[in-house]
Amino acid sequence: HMVSIYSEVGLTASEAVKIFLPISVVTVLARFIGRYVSDRVSIKNIYIAFTIASMVSSASLMLLHSPIGRSLTIVSYGISTGLFGMLNIVTWPKLYGRKHLGAISGFAMSIVVAGSAVGPWFFSLAYRFTGSYGSAGFIGFLVASAFLVATIFIKFKQNTEPVLNPQT
């Protein structure tokens, strides 16, 4: 959808695909920093940062017509993507331990796959019914805001299982 999203604000396909390199740089940096921080702070705080980055990324769709909006898109989408990838790896053993890690992470991955199918469909519907991807950004902002509120109030109980099993 990136080419179509950028064409809505008068940018070419070439300008649209140029966004992927800087996003990937920010994504890699966010993943490394997030991994380092994940051993030092509560995972809840990282989820809050991820959700805020998702909110900004959604809101930036409404600002793509400006250079600031495009910069916000690069930074916020890169951070949210990097933190998402890192959280997808570290959340389950930190919260539930390693005993049923395969079943838990397998179920979580099926949710991710389903979400990756629903997202583009949602963007297509938003554009079809409103004629703008900005509406998808606005709805995404509202959903991410609801997740932020939920994340703030949910208690994250970290698993106390030792990392190394002394019997092995």
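Helices here are DSSP runs of H or I with at least four residues, strands are E runs of at least two, and both are numbered from the N terminus. On that basis the elements of the protein run α-α-α-α-α-α-α from the N terminus on, that is, seven helices and zero strands. This is a predicted model, so local features need pLDDT of at least 70 and side-chain atom pairs count only at pLDDT 80 or more, while totals for chains, interfaces and linings use all residues. Residues are numbered from 1 along each chain as its sequence is written, and side-chain values use heavy atoms, with hydrogens and water left out.

Taken along the principal axes, the C-alpha atoms fill a box of roughly 65 × 30 × 25 Å. Of the 168 residues, 32% are buried (under 20% relative accessible area, 1.4 Å probe, protein chains only; exposed is over 50%, partly exposed in between).

Now for the helix pair. The axes of α4 (residues 43-60) and α7 come within 8 Å and cross at roughly 165 degrees, which makes α4 roughly antiparallel to α7 (over 145 degrees, with axes fitted to C-alpha atoms over the stretch in contact and angles running from 0 to 180 degrees between N-to-C directions).

Helix α7 (134-153) also turns up at the surface, giving the most to a nonpolar patch, with five residues. The patch covers about 800 Å² and includes Met-62, Leu-63, Phe-138 and Phe-147; its members have over 30% relative accessible area and no salt bridge, with nonpolar side chains (Val, Leu, Ile, Met, Phe, Trp, Tyr) joined within 5 Å. Another member is Ile-68, which lies in helix α5 and counts as exposed at 63% relative accessibility.

Key: Patch = residues over 30% accessible without salt bridge, like charges linked within 9 Å, V, L, I, M, F, W, Y side chains within 5 Å. Areas by Shrake-Rupley, 256 points an atom, 1.4 Å probe, with all protein chains shown as cover. Salt bridge = Lys/Arg side-chain N within 4 Å of Asp/Glu carboxyl O. Parallel < 35°, antiparallel > 145°, perpendicular 65-115°, else oblique.
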